[in-house]
Amino acid sequence: MSAPQIRSIGPGFLEARGADRIVHFSDVHGYATRFGEYLARAGVWRMGEWLARPGTLLVVNGDLIDRGPQSRQVVERVLELRDDAPAHGVSVVVLRGNHEDLAIRFAGVVPDDAGQRRAIVRKMQRIAAGRFEDGEGEDEVGRFAANGGLSTIESYGGLEEFMEGFSGGLGECFASLPYGLQVGNKFFTHTATANLRAEEFDAPPAERLHELLWNRDFFSAGTVDPEHGEPMSKFLASIGATDWIVGHTPLINIRRHELCGGRGLIAAAANFIGARGGYLAIDRDRAWAEDGFWGRCPLDTVPPLDDV
């Protein structure tokens with residue numbers, strides 16, 4: 001069986017066809033060792049050996065970096081897997097998260113002057129330690145630091161090395177990451193919004209792309225607010241999908257939240273709270289999740305993978 005075929009359906013949005021299994025990771029956040037453990041547990045890859053059967057699609061749903069100590073290793077591992085996968089009948093899609101977006105914005109304001117760069121590192125260290133003045137965390141440097149960016153810089157060996165990597169290909173890689181992926185009856189973005197419309201795939205407005213990286217207003221008391229669930233369900237119906245699969249919002253477990261009309265949102269960011277590790281898998285006949293707290297659990301309410 002050949003690797004799933006990936007094609008563009010609009011600026012920032014992809015479609016995959018021919019997938020027989022989806023394995024989904026989200027919010028790895030710089031924990032490369034744990035990520036590797038769960039790639040093996042999911043039957044995808046282990047220490048240089050592909051375990052995934054042909055037809056598998058690996059989706060890495062944003063936020064590879066920040067917070068954990070191994071951001072560089074996570075990025076390098078994911079890109080190696082993406083490049084090597086087709087030779088084994090597997091495809092890998094990496095979506096953009098808000099932390100990749102923060103890194104792009106941060107790198108865009110870092111000056112060339114060595115003294116100014118040292119001052120930026122000192123500022124980030126203060127912010128990371130919680131010792132900063134009012135307003136210091138509100139610019140691009142402050143936001144990156146407040147969201148764990150210093151650990152990413154340190155994983156590269158320092159700001160100079162990080163900026164060299166960014167200009168040497170990392171920045172272009174992050175900037176090219178898509179926002180969304182449809183695989184049959186499943187639709188993936190880093191987070192969801194009640195405002196997305198299928199016709200926006202051709203020319204998505206900037207505010208919509210921002211929502212797909214940052215939005216959490218559809219959650220209320222740990223579940224989807226019905227006011228948001230109805231338009232989200234209508235969007236899924238318009239593209240022939242049954243489920244919207246997201247990361248970003250930390251919840252205690254991976255489960256399907258009912259929207260309406262039999263459609264649902266699967267919140268799958270729980271798998272890396274506290275570097276616990278985990279994944280979501282969807283086959284043609286079943287779905288399940290596994291993490292370090294709950295173990296392996298069937299998701300009986302999730303419709304099997306099907307073509308649109």
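Me: Is the crossing of α3 and α7 left-handed or right-handed?

Reply: The crossing of α3 and α7 is left-handed, and since everything discussed here is read from a predicted model, that reading is a computed one. Two packed helices are described by the angle between their axes and the distance between the axes. For α3 and α7 the angle is about 120 degrees, and the axes are 10 Å apart. That makes α3 oblique to α7, because the roughly perpendicular class covers only 65 to 115 degrees.

Me: Which residues make the contact of α3 and α7, and how do they divide by class?

Reply: On the α3 side the contact involves Glu100, Ala103, Ile104, Phe106 and Ala107, while α7 contributes Leu159, Phe162, Met163, Phe166, Phe174 and Ala175. By class there are 10 nonpolar residues, no polar ones and 1 charged. An α-helix has 3.6 residues a turn, so residues three or four places apart point the same way. It is worth keeping that in mind when reading contact lists of this kind, including Ala103 and Ala107 on α3.

Me: How many of the residues of α3 are buried, and against what do they pack?

Reply: Helix α3, residues 98-107, has 8 of its 10 residues buried, so the rest of the structure largely encloses it. The buried residues are Asn98, His99, Glu100, Asp101, Leu102, Ala103, Phe106 and Ala107. Their packing partners are α4 (114-128), α5 (140-146), α6 (149-155), α7 (159-176) and α8 (206-214).

Me: At what angle do α4 and α7 cross, and which residues meet there?

Reply: The same pair of quantities serves again: the axes of α4 and α7 come within 10 Å and cross at roughly 105 degrees. That makes α4 roughly perpendicular to α7. Arg117, Ile120 and Val121 in α4 meet Leu159, Glu160 and Met163 in α7, and this contact has 4 nonpolar, no polar and 2 charged residues. Leu159 and Met163 also appear in the contact of α3 with α7.

Me: At what angle do α1 and α2 pack?

Reply: Helix α1 (residues 32-41) and helix α2 (residues 71-84) pack at an angle of about 35 degrees, with 9 Å between their axes. Their crossing is right-handed. Ala32, Phe35 and Leu39 in α1 meet Gln73, Val74, Arg77, Val78 and Leu81 in α2, and these residues divide into 6 nonpolar, 1 polar and 1 charged.

Me: How many aromatic pairs does the count give, and how are the rings of Tyr156 and Phe162 placed?

Reply: A pair of aromatic rings is described by the distance of the centres and the angle of the planes. With centres required to lie within 6.5 Å, the count comes to 15 aromatic pairs. In one of them, the rings of Tyr156 and Phe162 have centres 5.6 Å apart and planes at 80 degrees, so the pair is edge-to-face. Tyr156 is buried, with a relative accessible area of 9%, and Phe162 is buried at 0%. Ring pairs also link Phe106, Phe144, Tyr156, Phe162, Phe166 and Phe174 into a cluster. Of these, Phe106 in α3 and Phe162, Phe166 and Phe174 in α7 also belong to the contact between those helices.

Me: What value does phi take at His29 and at Met47?

Reply: Most residues other than glycine have a negative phi, and most peptide bonds are trans. His29 has a positive phi, near 50 degrees, and Met47 likewise has a positive phi near 50 degrees. His29 lies in the loop between β3 (21-25) and α1, and counts as buried at 7% relative accessibility. Met47 lies in the loop between β4 (45-46) and β5 (49-50), and at 79% it counts as exposed.

Me: Is Lys123 buried or exposed, and with which residues is Lys123 in contact?

Reply: Lys123 is found in helix α4 and is buried, with a relative accessible area of 15%, because the cut-off for buried is under 20%. Leaving aside neighbours within four places in sequence, Lys123 is in contact with Glu136, Asp139, Val141 and Gly142. For Lys123 and Val141, 18 residues apart in sequence, the C-alpha to C-alpha separation is 8.2 Å.

Technical notes:
Residues are numbered from 1 along each chain as its sequence is written. This is a predicted model: local features need pLDDT of at least 70, side-chain atom pairs count only at pLDDT 80 or more; totals for chains, interfaces and linings use all residues. Side-chain values use heavy atoms; hydrogens and water are left out. Axes are lines fitted to C-alpha atoms, for helices over the stretch in contact, and angles run from 0 to 180 degrees between N-to-C directions. Helices (H or I, at least four residues) and strands (E, at least two) are DSSP runs, numbered from the N terminus. A crossing is left-handed if the near helix is turned anticlockwise from the far one by less than a right angle, and right-handed if clockwise. Contact means heavy atoms within 4.5 Å. Ala, Val, Leu, Ile, Met, Phe, Trp, Tyr, Cys and Pro count as nonpolar, Asp, Glu, Lys and Arg as charged, and the others, Gly among them, as polar. Rings of Phe, Tyr and Trp (its six-membered ring) pair if their centres lie within 6.5 Å; planes under 30 degrees apart count as stacked, over 60 as edge-to-face and the rest as tilted. Buried means under 20% relative accessible area, exposed over 50%, partly exposed in between (1.4 Å probe, protein chains only). Angles under 35 degrees count as roughly parallel, over 145 as roughly antiparallel, 65 to 115 as roughly perpendicular and the rest as oblique.
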